[in-house]
Amino acid sequence: MEFKPIIRGDVISFLFESEEKLREYDRVFIWDLDKTYLDTKWETIRGLIKTALEKGAKKKNIPGAKALVQAMQKQYGSSLPIFFVSASPPQMIKSIYEKLTFDGLKPLGFLSKDNLKNVYPGKFKFLNKQIGYKLQALMELRLRLKPTVKIVCFGDDSESDALVYSLFSDLCAHRVTDREAKELLLQLQVLESRIELVLELRDMLTTEDPVERVYIHLETDTDPEYYDKFGRRLFVVEDTFQTAVDLYQYDFITAEDVVDVAKAIIKNYNHYSRDQLERSYDNLFRRNRVSHYVFETLTPLLKKEKIIYPNFVPSVKSQRLVFPLEPKQKFVDLYTIPDPWVADKVDYLDII
């Protein structure tokens, strides 16, 4: 595989399909690589350099992430239309691609941050500033996709991914004005030159909100209620098992796939147990995140496959109230929540 970078500032894009092919997809998945798919830690300069030099075979997955992506891939019959976005340096591309192909994935592209150039006195402060970088990377990618494409986003709570995905959505849909965006991004310590570029890229797009669903993995144990103001489109998860349950609820994977993800977690990660997965499942009911349809169809299978105990009863009843689901309308007996699917106005500075 030849890796030809497309460079704009510190955003380095590697595309593994032609731009003509990329514009054919109706839906794509964007996955933040660090702490969402791979257990990557590089908060220090030493960690960054170690990560850049690490062989692909030594890179570890977040528990269940590999099984989850493979389950999603099955629904596409060939390759899952997935992009990985990372603040890890482009020097990692060979080892990252090696790892992803080892996991059975053929990503459409990989976007990285040229971060090694920040390993110098006076530049250290830019190592962990990801908001501007990720907004630009998402805009760069969006330009290469079909105007009406829908995007399912995956991230974590360690790099402001909820803020980034939501603001990307708001910018594309023009729910925030240019003036509001500039004032906000300046307060978020994004360089003025980057702000101008992000808005310039946005102006090259049709006014269309591409973000269909957002999953945020709680890497740093943030309170899930902290994210309610983003709207129900953004779903906070404690582990990939919860993500799998919701992906089943939205018809992206099957009930059997959820079982496979749970079994992979228990088999490959010693700190996960049947007790923990049952608590994780019940947590979704306590947060009103599971429809009665899921309770009736998935729970018996989880019991049969010994993922949860035979006597499991949710601590909060699932509800049969009708509420239209996005992106698909298959499950019409979902709980009802007064919160909007997408928040009209997000107080981003109150979320940091």
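## Exercises on a predicted model

H174 is partly exposed, with a relative accessible area of 38%, where partly exposed lies between buried (under 20%) and exposed (over 50%), using a 1.4 Å probe and protein chains only. The model is predicted: local features need pLDDT of at least 70 and side-chain atom pairs pLDDT 80 or more, whereas totals for chains, interfaces and linings use all residues. Residues are numbered from 1 along each chain as its sequence is written, and side-chain values use heavy atoms, without hydrogens or water.

**Exercise 1. Backbone angles in two loops**

Determine the sign of phi in H174 and in Q189, and place both residues in the chain.

Solution. Step one is the location. H174 belongs to the loop between α6 and α7 (178-187), and Q189 to the loop between α7 and α8 (192-202). Helices (H or I, at least four residues) and strands (E, at least two) are DSSP runs numbered from the N terminus. Step two is the angle. Phi is near 60 degrees in H174 and near 65 degrees in Q189; both values are positive, in residues other than glycine. As background, most residues other than glycine have a negative phi. Step three is the accessibility of Q189, which is exposed because its relative accessible area is 54%.

**Exercise 2. The chain as a whole**

State how many helices and strands the protein chain has, and what share of its residues is buried.

Solution. The secondary structure comprises 12 helices and eight strands. Of the 352 residues, 57% count as buried. For contacts (heavy atoms within 4.5 Å), take the pairs at least 6 apart in sequence: 76% of them join residues at least 24 apart.

**Exercise 3. Two partners of helix α3**

Classify the packing of α3 against α9 and against α10, and list the residues that meet.

Solution. Start with the geometry of the first pair. Helix α3 (residues 65-74) packs on helix α9 (residues 240-249) at about 15 degrees, with the axes 9 Å apart. Axes are lines fitted to C-alpha atoms, for helices over the stretch in contact, and angles between N-to-C directions run from 0 to 180 degrees. The angle therefore makes α3 roughly parallel to α9; the cut-offs are under 35 degrees for roughly parallel, over 145 for roughly antiparallel, 65 to 115 for roughly perpendicular, and oblique for the rest. The residues come next: A65, L68 and M72 of α3 meet T240, T243, A244 and L247 of α9. By class, this contact has five nonpolar, two polar and no charged residues.

Now turn to the second pair. α3 and helix α10 (residues 255-268) pack at about 160 degrees, again with a 9 Å separation of axes. That angle makes α3 roughly antiparallel to α10. A67, L68, A71 and K74 of α3 make the contact with D257, D260, V261 and A264 of α10. By class there are five nonpolar, no polar and three charged residues.

**Exercise 4. A65 at the start of α3**

Identify the neighbours of A65 and decide whether A65 is buried or exposed.

Solution. A65 lies in helix α3. Its relative accessibility is 0%, so A65 counts as buried. Residues up to four places away in sequence are set aside, and A65 then touches T36, Y37 and T240. The C-alpha atoms of A65 and Y37 are separated by 5.6 Å, although their positions lie 28 residues apart along the chain as the separation is counted.

**Exercise 5. The aromatic residues around Y37**

Assign the geometry of the pair W31 and Y37, and name the members of their aromatic cluster.

Solution. The whole structure yields 16 aromatic pairs. In one of them, the ring centres of W31 and Y37 are 6.2 Å apart and the planes stand at 85 degrees, so the pair is edge-to-face. Rings of Phe, Tyr and Trp (its six-membered ring) pair if their centres lie within 6.5 Å; planes under 30 degrees apart are stacked, over 60 edge-to-face, and the rest tilted. W31 and Y37 are both buried. Together with F84, F154, Y215 and F235, these two residues form one aromatic cluster.

**Exercise 6. Two buried residues compared**

Find the location and the contacts of V149 and of D161.

Solution. V149 is in the loop between α5 (131-143) and β6 (150-156), and D161 is in helix α6 (residues 161-173). V149 counts as buried because its relative accessibility is 0%; D161 is buried at 2%. Beyond four places in sequence, V149 contacts Y25, D26, R27, V28, R142 and P210, while D161 contacts D32, K134, G155, D156 and I216. The C-alpha atoms of V149 and D209, 60 residues apart along the chain, are 9.0 Å from each other.

Notes. Nonpolar A, V, L, I, M, F, W, Y, C, P; charged D, E, K, R; others polar.
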